[in-house]
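Colleague: Could you pull up the model so we can go through it together? I have a few questions for you.

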Amino acid sequence: MSEIDPRALRNAFGAFMTGVTVITTKDADRNPVGFTANSFTSVSLDPPLVLVCLANSSSNYTTFSEAGGFAVNILSEGQIDVSNTFARPVEDRFAAVDWRAGPHGSPVFDGTSAWFDCSMFKTVDAGDHLILIGEVEAFENETAPGLGYARGAYVTPAAEVEALSNQADLMVSALIEHEGKVLLVDNGAGRLTLPEVVVRKDGASAALTRLIDDLGITAEPGFIYSVYEDAAREHQHISFLCQTAEGTPSRGVFTELTVSTLMDIADPAMCTMLERFAGESRMGNFGVYYGNQVSGEVRPLSQGS
């Protein structure tokens, strides 16, 4: 068997869509500690067990390996900022969240989709991670939709559906990647653009499917990468990141996003988005842009501990 490329393996693991959680406990001095994790799953109903994986290199390793329990906070779609805070080396992560001690003592957050306060059932060494298995002592389950994560980007299906249903004059573009290059087409005036189409009454997903079919290639419709209001073109624009295409497109060419290529992009807002995509592709960590053609906010998920 050939040697496995860790980066490629990590990308493949990232194809599995997960929820986003913050795992918490208290250290020996009763100070709260926590980190963002998507390596969480239920294990058993009888007894009620859950598990999470913690990197051996984590600064929290000793605290969690010696703790008498931990809590799992399943973040809701509105808690992207909480996820980012606990994924980064912030001095006081808990200052950014409303929390309280759960019935078993570990910190639980307000506004989550659910939380589980657990006693430590067992720890298992597994490669470069420690598996924490907790027995659920108390939990709460709310109605807020959960925050998702896949292929380096947040997934917020409930918020996206609401945004799509409230928009008129909606344009969808396909950011289709193949071997590090992006499919660009002529805009009819000698400049470049992403393949795009106006959304009909059947919705954005159907429009994206038609667009990919029209291009004559095989590509998987992906997640929303950018949402912005383009006042200059008088429409709402949604760009879907579509992973790995196969076949020869009926129009356009897969092109590397060099400085000269970006200078040929017809729409300034799209050029800015593609500049961001080029940078994020090098890092392997994507975010979602919300705003307009001039300014907005990118909310990435950084890997933390």
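Colleague: Which residue stands opposite C53, and in which strand?
Modeller: Before I answer, a word on the source: this is a predicted model, where local features need pLDDT of at least 70, side-chain atom pairs count only at pLDDT 80 or more, and totals for chains, interfaces and linings use all residues. Residues are numbered from 1 along each chain as its sequence is written, and side-chain values use heavy atoms, with hydrogens and water left out. Strands here are DSSP runs of E, at least two residues, and helices are runs of H or I, at least four, both numbered from the N terminus. The partner you want, sitting in strand 10, is I131.

Colleague: And over how many bridges do strand 5 and strand 10 pair?
Modeller: Pairing takes at least two bridges found by DSSP. Strand 5 covers residues 48–55 and runs antiparallel to strand 10, with a bridge count of 7.

Colleague: Which strands stand at the edges of that sheet?
Modeller: The sheet is open, has 7 strands with antiparallel pairing, and goes in the order 3-2-6-9-10-5-4. Each edge strand has a single partner, so one side of each lacks a neighbour in the sheet. Those are strand 3 (32–37) and strand 4 (40–45).

Colleague: Is N141 buried or exposed?
Modeller: N141 belongs to strand 10, residues 129–141. Setting aside residues up to four places away in sequence, N141 touches S113 and A114 (contact: heavy atoms within 4.5 Å). Buried means under 20% relative accessible area, exposed over 50%, and partly exposed in between, using a 1.4 Å probe and protein chains only. N141 has 60% relative accessibility, so the label is exposed.

Colleague: Okay, on to the largest nonpolar core: which element gives the most to it?
Modeller: A nonpolar core is a set of buried Ala, Val, Leu, Ile, Met, Phe, Trp, Tyr and Cys residues joined through side-chain atoms within 4.5 Å. The largest has 20 residues, and I176, L208, F240 and C242 have the most contacts inside it. Two or more residues come from each of strand 13 (170–178), helix 5 (204–215), strand 17 (218–230) and strand 18 (235–246). The top contributor, with 6 residues, is helix 5.

Colleague: Which residue of helix 5 is there among the contacts of F240?
Modeller: Leaving out neighbours within four places in sequence, F240 contacts V172, S173, A174 and L175, among others. Its list also includes G222, F223, I224 and Y225. From helix 5 (204–215), the list has A204 and L208.

Colleague: What share of the 305 residues is buried?
Modeller: The protein has 7 helices and 21 strands. Buried residues make up 45%.
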